[in-house]
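Visitor: I would like to learn how to read a pocket lining and the sheet beside it. Could you take me through one model?

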Amino acid sequence: MLHPLAQKADLPGSNSRYKKYTVFRKQPMSFTSHHQYSLILDEEYMHAIPAESARTISAEKTRRIPFSEIVGCKQNSRHAKQFKVVIFRDTAQKRYDWIAQTAAEAAEIVEETTKGMEPYRHNDIPDFG
């Protein structure tokens, strides 16, 4: 039985809002066409966990991207299942190309990522295109 104050406290993971998606990472110049990932969006981070290590969350294979480092997220207009996320770390930009299960899921991921980016967005920075 929990203490009455502990019942009302924010327990780790109990009140947090997160969404999990199964996506494929599309890599140019790769001999294997796609790599499966679990993409988890929580309130502050985007976590990309390779499917082979999704059961045992290994810190060395998990990419943890803060929303503050995401420059833009956009759904491909020609191929609706595809979307890209551009991050800015240190002095270089890095682009992740993803493929969702459906076009609606890709739109939802882009919308959730944009919501997560909103608190860190500055008015003097132009939109990603």
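Guide: This is a predicted model. Start with the chemistry of the lining: the residues around the second largest pocket divide into two nonpolar, four polar and five charged.

Visitor: What is the volume of the second largest pocket, and which residues line it?

Guide: The volume is about 160 Å³. The lining consists of Lys26, Lys74, Gln75, Asn76, Ser77, Gln82, Phe83, Lys84, Arg95, Asp97 and Trp98.

Visitor: Which elements give two or more residues to that lining?

Guide: Strand S5 (70-75), strand S6 (82-89) and strand S7 (92-99) do.

Visitor: In what order do the strands of the sheet come?

Guide: In reading a sheet, one follows the strand pairings from one edge to the other. Here seven strands form an open sheet in the order S4-S3-S2-S1-S7-S6-S5, with antiparallel pairing.

Visitor: Why is one side of S4 and of S5 left without a neighbour in the sheet?

Guide: Strand S4 (63-66) and S5 stand at the edges and each has a single partner strand, so one side of each has no neighbour in the sheet. On average, neighbouring strands of this sheet are turned by 30° against each other, direction ignored.

Visitor: How many bridges join S1 to S7?

Guide: Two bridges join strand S1 (residues 19-26) to S7, and the two strands run antiparallel. Arg25 has Trp98 in S7 as its bridge partner. Trp98 is also one of the residues lining the pocket discussed above.

Visitor: Which strands does helix H2 lie across?

Guide: Helix H2 (residues 103-117) lies across S1, strand S2 (34-41), strand S3 (45-50), S5 and S6. Helix H2 runs at about 155° to S5.

Definitions and conventions: Residues numbered from 1 in each chain as written. Predicted model: local features only at pLDDT ≥ 70, side-chain atom pairs only at ≥ 80, totals over all residues. Heavy atoms only, no water. 1 Å grid on protein atoms, 1.4 Å probe; cavity = no way out; pocket = protein on both sides within 12 Å on 5 of 7 lines; lining within 4 Å. Points joined across faces, edges and corners; volume = space filled by probe spheres on them. Helix = DSSP H or I, 4+ residues; strand = E, 2+ residues; numbered from the N terminus. Nonpolar A, V, L, I, M, F, W, Y, C, P; charged D, E, K, R; others polar. Pairing = 2+ DSSP bridges. Axes fitted to C-alpha atoms, helices over the stretch in contact; angles between N-to-C directions. Contact = heavy atoms within 4.5 Å.
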